[in-house]
Amino acid sequence: MLRSYKDRLAGRPSHDTAKHAIQAWTEFLSLSGFRYVHGMTLTAQERFIQWRRPSRLTGLPNSNGTINRDLEVLRAAFYDAWRRGEIAAFPHVRLLPKPAPRDRFLTESEVQRLLDECADTPHLRLFCLVALHTLQRPPGD
């Protein structure tokens, strides 16, 4: 189910995020022995969260935001399979509390580098200037 969901996302902006989440789920499922959708109870999801908390790459703990992305991909795959008639029902997927937003501001040299990088793309430069002057993030963030 996860593999077919990943294939259907090919070419979409969310493909890379989903690909990493599906890799994590595939590894967890192979280690834990879960084989069926109905096995992904809240208890099983808690086991995934505990397993996913330590980062395999850095050794630092993964944030709730990172783990939530993985859980959201699972929920989306469940919903996609249900919508296609591949499964009759699926368990509730519980998300962790959202992490506090990070307050980080660009330095003057970072702003200059950003504007220099988009100098050859006028519409992108204009977008960056508007965002910088209104202190806004792009839509979706």
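This is a short talk on salt bridges, aromatic pairs, cysteines and a few single residues in one predicted model.

Hi everyone, and thanks for coming. Please keep in mind that the structure on the screen is a predicted model.

Let's begin with charged side chains. How many salt bridges does the count come to? The count is four. One of them joins the side chains of Arg52 and Asp70, with a nitrogen-to-oxygen distance of 2.5 Å. Where do these two partners sit? Arg52 belongs to helix H3, which covers residues 42–52, while Asp70 belongs to helix H4, residues 64–83, so this salt bridge ties together parts that are 18 residues apart in sequence. Are the two partners buried or exposed? Arg52 has a relative accessibility of 14%, so it counts as buried. Asp70 is buried too, at 4%.

Now let's move along H4. Here the side chains of Arg83 and Asp80 form a salt bridge, at 3.0 Å from N to O. Both of these residues lie in helix H4, three residues apart, and that is about one turn of the helix. Asp80 also meets Arg84 in a salt bridge, this time at 3.4 Å from N to O. Put together, Asp80, Arg83 and Arg84 are linked in a network of salt bridges.

How accessible are the members of this network? Asp80 is buried, with a relative accessibility of 7%. Arg83 is exposed, at 53%, and Arg84 is partly exposed, at 44%. If you wonder why Arg84 does not get the label "exposed", the reason is that exposed means over 50%, and partly exposed covers the range between 20% and that value.

Next come the aromatic rings. A pair of aromatic rings is described by two things: how far apart the centres are, and the angle of the planes. How many aromatic pairs does a search of the whole structure find? The search finds eight. Let me show you one of them, Phe28 with Phe48: the ring centres are 5.3 Å apart and the planes stand at 80°, so this pair is edge-to-face. The pair links distant parts of the chain, because Phe28 is in helix H2, residues 15–32, and Phe48 is in helix H3, 20 residues apart. Both Phe28 and Phe48 are buried. They also belong to one aromatic cluster, formed by Trp25, Phe28, Phe34, Phe48 and Trp51.

Since Phe28 brought us to H2, let's look at that helix as a whole. H2 has 18 residues. From its first C-alpha to its last it reaches 25 Å, close to the 26 Å expected at 1.5 Å a residue. Which residues of H2 are buried? They are His15, Ala18, Ala21, Ile22, Ala24, Trp25 and Phe28. You may recognise Trp25 and Phe28 from the aromatic cluster. Just after H2 comes Gly33, which takes a positive phi of about 85°.

Now for the cysteines. How many disulfides does the count give? The count is zero. Cys118 is in no disulfide, and the nearest cysteine sulfur, that of Cys128, is 4.2 Å away. Why is there no bond between them? At 4.2 Å, the sulfur of Cys128 is too far from that of Cys118 for a bond; a disulfide needs the two sulfur atoms within 2.5 Å. Both cysteines are buried: Cys118 has a relative accessible area of 3%, and Cys128 has 12%.

Let me finish with two single residues. Asn68 is found in helix H4. With a relative accessibility of 6%, Asn68 counts as buried. What does Asn68 touch, once residues up to four places away in sequence are left out? It touches Leu95, Leu96 and Pro97. By contrast, the C-alpha atoms of Asn68 and Glu110 are separated by 30 Å, and these two residues are 42 residues apart along the chain.

The other one is Ser55, in the loop between H3 and H4. Would you call Ser55 buried or exposed? Its relative accessibility is 14%, so Ser55 counts as buried. Leaving aside neighbours within four places in sequence, Ser55 is in contact with Leu60, Pro61 and Asn62.

That's the end of my tour. Thanks for listening, and do ask me about anything you would like to see again!

Technical notes
Residues are numbered from 1 along each chain as its sequence is written. This is a predicted model: local features need pLDDT of at least 70, side-chain atom pairs count only at pLDDT 80 or more; totals for chains, interfaces and linings use all residues. Side-chain values use heavy atoms; hydrogens and water are left out. Helices (H or I, at least four residues) and strands (E, at least two) are DSSP runs, numbered from the N terminus. Buried means under 20% relative accessible area, exposed over 50%, partly exposed in between (1.4 Å probe, protein chains only). Rings of Phe, Tyr and Trp (its six-membered ring) pair if their centres lie within 6.5 Å; planes under 30 degrees apart count as stacked, over 60 as edge-to-face and the rest as tilted. Contact means heavy atoms within 4.5 Å. The expected span of a helix is 1.5 Å times one less than its number of residues.
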